[in-house]
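Colleague: I would like to learn how to read the surroundings of a ligand. Please start with the general idea and then turn to the case.

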Amino acid sequence: MIIVLKPNPAPGVVEHVLERIHALGLTPHLSQGVSRTIIGVIGDEDKLQVQPLQAIAGVEKVVPILRPFKLASREFHPEPSVVDIKGIKIGGGHLAVIAGPCAIEGEELLFEVARRVKRAGANILRGGAFKPRTSPYSFQGMGKEGLQLLRAAGDELGMPVVTEVMDPRQVEVVERYADILQIGARNMQNFDLLKECGRTRHPVLLKRGLSATVKDLLMSAEYVMSEGNWQVILCERGIRTFEDSTRNTLDLSMVPNVQGQSHLPIIVDPSHATGRPELIPAMAKAAIAAGADGVHVEVHGCPEKALSDGPQALVPDQFDRLMDELRPLARLLGRTIDVCNAQTKEPAACAPAPC
Ligand code: PEP
Ligand code: MN
């Protein structure tokens, strides 16, 4: 249910409506836009006693939210949400450039890539410590030791870090080391994990499931938000189709599609979407042109030796070139790529990757 107030409500109207909602045992969510004040309410709609609320002077209308997702919906929060993680904003015209290796494999490789992507202009460092692999015999990630390395690299470079959490039991350790919790495509409908991440106050990067609809994705975001954590960043990372010349099929139309329905920021991962480095720059640029709030790109110093997703990794030089193309495009479109300033040490001059 949303309560739309008349423009420029008289003093005390907002407080009065909030009071009435609290008195009914419900929780209001106040959204003050430039021209309108909207108060969203989730819960037993019978309690809302639509008529009396509508009778309050200053209330224009009380309308139900018909979509199955409520907190994530545009109706509930008409302005775009902006996630701010240590001064790096995502959404509302601010682009996230998340880059790093698929998996954390060791200190030297991680720091090398981290320095290079930072220098190129990435503003969030990624790296997997718990890896969702198709085969149980493949490298499963370095676990806690990997988290510690990622934290150390992020701290050295002043970059927020994001890493995947695969199981509700891992949330505690992952939130200790990471700034953003990633929920991977394979876990998009792991509802216990969604709820556990919703109980933290860490932003959640929620990747679209391999065969999830836009509605499924937004319902999963709703799970996180319904636990009180509104800092959700959606991610399109390609879906399964009959096309087999790319790893997945990038569904770019879902960017404006989601933005029409939800206030949450949405970024695009052209690495997992295409699985092919030569396609990544074009798809990254297309994502920004389509209105995405950022990109998520895998970079490795030596893809042929990578323990996970080597074939799709950009090498640092390719990432440099991608950033050289993204920056003017972002500027042209009036978007900002926030820069990590809180750097403790100047990134060392980079030697060629140890390949
Ligand atoms: C990843 O980001 O490394 C990853 C496993 O992504 P996805 O869940 O989209 O496959
Ligand atoms: Mn990967």
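Modeller: A residue is near a molecule if one of its heavy atoms lies within 4 Å of it. Here 14 residues surround ligand 1, and Arg126, Gln182, Ala185, Arg186 and Arg237 come nearest. This is a predicted model, in which local features need pLDDT of at least 70, side-chain atom pairs count only at pLDDT 80 or more, and totals for chains, interfaces and linings use all residues. Residues are numbered from 1 along each chain as its sequence is written, ligands are numbered from 1 in the order in which they are written, and side-chain values use heavy atoms, without hydrogens and water.

Colleague: What classes of residue make up the shell around ligand 1?

Modeller: Ala, Val, Leu, Ile, Met, Phe, Trp, Tyr, Cys and Pro count as nonpolar, Asp, Glu, Lys and Arg as charged, and the others, Gly among them, as polar. The shell around ligand 1 holds seven charged, four polar and three nonpolar residues.

Colleague: Which polar side-chain atom lies 2.6 Å from an oxygen atom of ligand 1?

Modeller: A polar contact is a pair of N or O atoms within 3.5 Å. The atom at 2.6 Å belongs to Arg237. Ala185 places a polar backbone atom 2.7 Å from an oxygen atom of the ligand, and a polar side-chain atom of His272 is 3.3 Å from a ligand oxygen.

Colleague: How much of ligand 1 does the protein bury?

Modeller: Accessible areas come from the Shrake-Rupley method with a 1.4 Å probe. Ligand 1 taken alone exposes 300 Å², of which the protein buries 97%.

Technical notes: A polar contact is a pair of N or O atoms within 3.5 Å; within protein, one must be able to donate a hydrogen and the other to accept it, and residues adjacent in sequence count only if both atoms are side-chain atoms.
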